[in-house]
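Subject: Structure handover

Hi,

Here is the structure I promised to pass on. Please open it first, then read my notes below.

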Amino acid sequence: MKNHVIKGNICYSATKDALSVTENGYVVCQEGRCAGVYENLPKEYETLPCHNYEDKIIIPGLVDLHVHAPQYTFRGMGMDLELIDWLNTRTFAEEAKYEDLEYAEKAYGIFAEDLRTSATTRACIFGTIHTEATLLLMEKLDRTGLQVCVGKVNMDRNSPQYLCEESAEKSAKDTEEWLQKCQRFHNVRPILTPRFTPSCTDELLEKLSELQKKYHLPVQSHLSENLGEIDWVKELCPGTSCYGESYDRYGLFGNGCPTIMAHCVHSGDKEMEMMLKQNVFVAHCPESNANLSSGVAPVKKYLENGMKVGLGSDIAGGTSLSIFKAMAMAVQCSKLRWRLHDQSVGPLTMEEVFYMATKGGGEFFGKVGSFEKGYEFDAVVLDDSSLRHPQKLSVKERLERLIYLADGRSMTAKFVNGHVVYRESQDGIKTTVDGNDSGHGAGQR
C-alpha cells in the first residue's frame, strides 16, 4: 500500500539550520511520496489508512553515504592503527575471505539483517572485488526493502596479491559482467567503486570512466582521508593539483557523474572549489576519522560554502551502523576542531547534523530525506519512552536526546518509498514486513 497517513510528532529539516516540528500531526503518503505535513488532517485524506503512533517521534529515514559491508565482521578491532597499516593488517586479509561464498553468505546475512533493523533507509555500500559475493550481498539487501547502492570494488595495484585484480582489462570486464547481472534487483542499484587512487592504475580509471559513460552510473570512492595517503597520490599522479584531480581527469568527479567522496579530511581550497563547482558529495565519517587518526574534516566550512554533505558510518573504521552515533560524533569532533585547530569556524549544531543525516545525504538519491511535498516517503518511528526524565521536554529536546542516546530498541517502524519494511509488534517482537506491502500495522486516528 502506497497511500496512507502517519500520525505522531513529526520532525524534519526545513533547512540546514532549521528543524520543522509538528506535534501530534499528520504526514501523508501518496504513491510513495509525501503529500504534506498537517496539524489537522484534510478531509481529502480522511479515508486513508492511518498509522497512529501517538506521542512517538517520526523522522525521515536516515542516510548512510559510506559503509563497507565486508568489514562489518571486524568492527571494533585494530583501532590502534592508522589508515594504511589498518588496511594492510586487518582490512585486506578479511576482504579476501569473500572469495568463499559460504563465508560471504554468513557474513552478509548478518550485515543485511543489522542494517534492516537500524534507522537507515538509504545507503551507499562497498563490496569487494569478488563478483559473485557482491551479487550475493545485493540479493540479501534487495530483500530488506531498503534503497541502496552497492559497488563491486576495483583495485589493480598497490594491494596484496591475493586481493589485487590481475589487470585493468580484467577488472573492467568483470565489472561490466557484474553490471549485466544487476538488472534483476528492485531495490538495489550498482555504483562504480574504484577503491581509491593508490589502488587503481590510470588504465583502470580510464576503463571505469568508459563504463560510467556507457551505463550512466554513479561513483563512490575515498578522498583526502589521511596525510600519508595524500602524499602517496602526489607521487603516483604527478602534475595533478590535488587528490580530487586524480579522479577528475577521468570524468569520475561530479560534473554530470553523480559522485560520493568519503572523508575529505584534508581537502584544500582547490579541492573544495572543485567539489562545490562539480556537485561532488562529501561523506563525512567522524568516528572512522577519529579511530584511524586521520583528523577532523572541516565539515562546518563545507556546509557554509554550500557543498553537498552527508554522513557515513564507514564500517569498520567506524564501529556502528548507527547514523545517530555519526551525528553525535560529528558534533563532538567539530568541537575539538574548533577548540584545538581553527576557532574561526564554530562547531556543528544539532540542526546541521540532523540535516546531513537526512536531507543532505538523501539528495544523492534524489528528493529524499524530508517530509516536504514531493519527497520520497522514507520514515522512521522512534519511541523514547525508555529514556525517563522528570522534567517536561519539547519534541526537539527529545529528538536531540535520541541523537545521543538512541539504540536499537528505539525504533518502532520504518518505511521506505511508502512501504513498511520493519515494525515492532505490540509484544515487542521485531518483524520483517514485505517491502511491497505497507498495509500492515495501521492503527486508529
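**The sheet of strands 11 to 14**

Strand 12 pairs with strand 13 in the parallel sense, over three bridges. Keep in mind throughout that this is a predicted model. Within that pairing, isoleucine 260 has phenylalanine 281 in strand 13 as its bridge partner.

Strand 12 also has strand 11 as a partner. Five bridges join strand 11 to strand 12, and the two run parallel. Serine 221 sits opposite methionine 261 in strand 12. How many of the residues of strand 12 are buried? Five of the five residues, 259–263, are buried, so strand 12 is largely enclosed by the rest of the structure.

Strand 13 covers residues 281–284 and runs parallel to strand 14, with four bridges between them. Valine 282 has valine 309 in strand 14 as its bridge partner.

Put together, these four strands make an open sheet in the order 11-12-13-14, with parallel pairing. Strand 11 (219–223) and strand 14 (308–311) are at the edges; each has a single partner strand, so one side of each has no neighbour in the sheet. From one strand to the next, the twist averages 30°.

**The sheet of strands 5, 6, 7 and 9**

A further open sheet has four strands in the order 5-6-7-9, and its pairing is parallel. Which strands are at its edges? They are strand 5 (62–68) and strand 9 (188–190), and each pairs on one side only. Here the twist averages 20° from one strand to the next.

Look inside this sheet at strand 6 (residues 120–126) and strand 7 (residues 147–151). Five bridges join them, and they run parallel. Arginine 122 is opposite glutamine 147 in strand 7. Helix 3 (residues 131–144) lies across strand 6, strand 7 and strand 9. Its direction is at about 175° to strand 7.

As background, strands of a sheet pair through backbone hydrogen bonds, either parallel or antiparallel. The next group shows the antiparallel kind.

**Strands 4, 15, 16 and 17**

Start at strand 4 (residues 50–60). Four bridges join strand 4 to strand 15, and the two run antiparallel. Isoleucine 59 has valine 380 in strand 15 as its bridge partner.

Strand 15 (residues 379–382) also pairs with strand 16, antiparallel, over four bridges. There, valine 380 stands opposite lysine 414. Both faces of strand 15 are covered. Ala379 and Val381 are buried on one side, and Val380 and Leu382 are buried on the other.

Is strand 16 enclosed or open? Six of the six residues of strand 16 (residues 411–416) are buried, so this strand is largely enclosed by the rest of the structure.

Strand 16 goes on to pair with strand 17 (residues 419–424), antiparallel, over four bridges. Valine 416 stands opposite histidine 419. These two strands form a hairpin with two residues between them. In that hairpin, asparagine 417 takes a positive phi near 55°.

**Nonpolar cores**

In soluble globular proteins, nonpolar side chains tend to be buried together. The largest nonpolar core in this model has 109 residues. Which residues have the most contacts inside it? They are Ile59, Phe111, Ile125 and Leu141. Helix 11 (residues 323–340) gives the most to this core, with seven residues.

Leucine 141 is a good place to zoom in. Leaving out residues up to four places away in sequence, leucine 141 touches Phe111, Ala112, Leu115, Ile125, Leu146, Val148, Val150 and Val188.

Apart from the largest core lies another, of 15 residues. Tyr12, Val27, Cys29 and Tyr53 are among them.

**Cavities**

The count is two cavities of 30 Å³ or more. The largest holds about 130 Å³ of space. It is lined by 16 residues. Closest to its centre are His68, Leu83, Leu87, His222 and Glu225. Which element gives the largest share of that lining? Helix 1 (residues 83–95) does, with three residues.

Best wishes

Definitions and conventions: Residues are numbered from 1 along each chain as its sequence is written. This is a predicted model: local features need pLDDT of at least 70, side-chain atom pairs count only at pLDDT 80 or more; totals for chains, interfaces and linings use all residues. Side-chain values use heavy atoms; hydrogens and water are left out. A nonpolar core is a set of buried Ala, Val, Leu, Ile, Met, Phe, Trp, Tyr and Cys residues joined through side-chain atoms within 4.5 Å. Buried means under 20% relative accessible area, exposed over 50%, partly exposed in between (1.4 Å probe, protein chains only). Contact means heavy atoms within 4.5 Å. Two strands pair if DSSP finds at least two bridges between them. Axes are lines fitted to C-alpha atoms, for helices over the stretch in contact, and angles run from 0 to 180 degrees between N-to-C directions. On a 1 Å grid over the protein atoms alone, a cavity is a set of points where a 1.4 Å probe fits but cannot get out, and a pocket is an open set with protein on both sides within 12 Å along at least five of seven lines; lining residues have an atom within 4 Å of a point. Grid points are joined across faces, edges and corners, and a volume is the space filled by probe spheres set on the points.
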